[in-house]
Amino acid sequence: MEYWHLKNKELFDLFKKKIDEEYPTLIVLVVDNLVNIKGTIRIKDDKKIILNSYSINIVVPHNFPHEIPKLYEVGGKIPLIPDRHFENDGSACLCLRDEVFLYWNEEKSTVIDFIKFFVEPFFHWQIEYEASGGQNKDNAHAHGLMGAINFYKNILGTDDVKVVYKFIEYLTKKKVKKHWPCFCGSGQQIRYCHFDLMKYYKQKIRSKDAKKTLDNFKRMIEIIRNNKEKKE
Ligand SMILES: [Zn+2]
Ligand SMILES: [Zn+2]
């Protein structure tokens, strides 16, 4: 396995420098060949008043920046449950998988961007959650398969799950051919219909991420079908 911090010394030096400068309560260390960022993160409001602080561990994947890091809350301040946006492995569910690359640019994004756009908003939401007794649930990013379907409904401006399904299916393809029928069901070739929209999201959403969502979608359809058959 090639580790980014060994392969790209320059990037790693800049990474450490940036953390030192902007987050002096965090330290960078290498554990089992993976870069970790450990320490305390202070979450502030726009007047720089500290709202709360959390003990965290950020684990940077070996192929950073092609994958985003994982965030762990290690101070026991938040229950690590799906309702609070934690995955089964205890890491924070920072963003719907399909959506990551709308906010993360593999060439331009830095570790500071990761903390600013993923980590801090995550804790801001947690603070609001506690203050409001969970009233802000719907303000969180989409979550799980239903979240993914809602995300796609939003970007497509439709409630039609068949359109959503077709769109995700096209995202999983290596290339979308211009003469294919449009995912929207208009009957037109995609080049005369939603080509620009398709092209935009095809560049942003990785086919391997769309593939995982499509697999979950298929599984759900299968379950619904089996339940129907049982009833009949
Ligand atoms: Zn989530
Ligand atoms: Zn269309």
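**Nonpolar cores, sheet and helix H4 in a predicted model**

In the predicted model, the largest nonpolar core holds 25 residues, of which Leu71, Phe118, Val119 and Phe122 touch the most other members. Two or more residues of this core come from each of H2, E1, E2, E3 and H4. The greatest contribution is that of H4, which supplies 7 residues. A second core, separate from the largest one, has 18 residues, and Ala148, Phe167, Cys184 and Ala210 are among them. Leaving aside residues up to four places away in sequence, phenylalanine 122 touches Leu71, Ala92 and Leu94.

The chain as a whole contains 8 helices and 4 strands. Read from the N terminus, the order of elements is α-α-β-β-β-β-α-α-α-α-α-α. Along the principal axes, the C-alpha atoms of the chain occupy a box of roughly 55 × 45 × 35 Å. Of the 232 residues in the chain, 22% are buried. Among contacts in the chain with a separation of 6 or more, 42% are made by residues 24 or more positions apart.

The strands form an open sheet of 4 strands, with antiparallel pairing and the order E1-E2-E3-E4. Strand E1 (26-31) and E4 are at the edges; each has a single partner strand, so one side of each lacks a neighbour in the sheet. From one strand to the next, the twist averages 25°. E1 and E2 run antiparallel and are joined by 6 bridges. Leucine 29 has asparagine 36, in E2, as its bridge partner. Helix H4 packs on the sheet, where it touches E2, E3 and E4, and the direction of H4 makes about 45° with that of E2.

Helix H4 covers residues 111-132. At 1.5 Å a residue, its 22 residues should span 32 Å, and the C-alpha atoms at its ends are 30 Å apart, which agrees with that expectation. The helix nevertheless bends, by about 30° at valine 119, and proline 121 follows within four residues. The buried residues of H4 are Val111, Phe114, Ile115, Phe118, Val119, Phe122, Phe123 and Gln126. Their cover includes helix H2 (9-22), strand E2 (34-44), strand E3 (50-60) and strand E4 (70-73). Valine 119, the site of the bend, is thus listed both with the buried residues of H4 and with the core members that touch the most others. After H4 comes glycine 133, with a positive phi near 65°.

Proline 121 itself belongs to helix H4. With 17 other C-beta atoms within 10 Å, proline 121 is partly exposed, because a residue counts as buried only at 20 or more such atoms and as exposed at 12 or fewer. The C-alpha atoms of proline 121 and tyrosine 152 are 22 Å apart in space, and the two residues are 31 residues apart in sequence.

Several backbone features fall in the loops that follow the strands. In the loop between E2 and E3 lies lysine 48, which has a positive phi of about 70° although it is not a glycine. Lysine 48 has 7 C-beta neighbours inside 10 Å and therefore counts as exposed. The loop between E3 and E4 contains proline 65. The peptide bond that joins phenylalanine 64 and proline 65 is cis, with omega about 0°.

Histidine 85 is located in the loop between E4 and helix H3 (100-103). Its phi is also positive, near 65°, in a residue other than glycine. Histidine 85 has 20 other C-beta atoms within 10 Å and is therefore buried. Of the two residues other than glycine described here with positive phi, lysine 48 is thus exposed, whereas histidine 85 is buried.

Conventions. Residues are numbered from 1 along each chain as its sequence is written. Chains are lettered from A and ligands numbered from 1 in the order in which they are written. This is a predicted model: local features need pLDDT of at least 70, side-chain atom pairs count only at pLDDT 80 or more; totals for chains, interfaces and linings use all residues. The expected span of a helix is 1.5 Å times one less than its number of residues. The bend at a residue is the angle between axes fitted to the seven residues ending there and the seven starting there. Two residues are in contact if their C-beta atoms, placed from the backbone, lie within 7 Å. Two strands pair if DSSP finds at least two bridges between them. Axes are lines fitted to C-alpha atoms, for helices over the stretch in contact, and angles run from 0 to 180 degrees between N-to-C directions. A nonpolar core is a set of buried Ala, Val, Leu, Ile, Met, Phe, Trp, Tyr and Cys residues joined through C-beta atoms within 7 Å.
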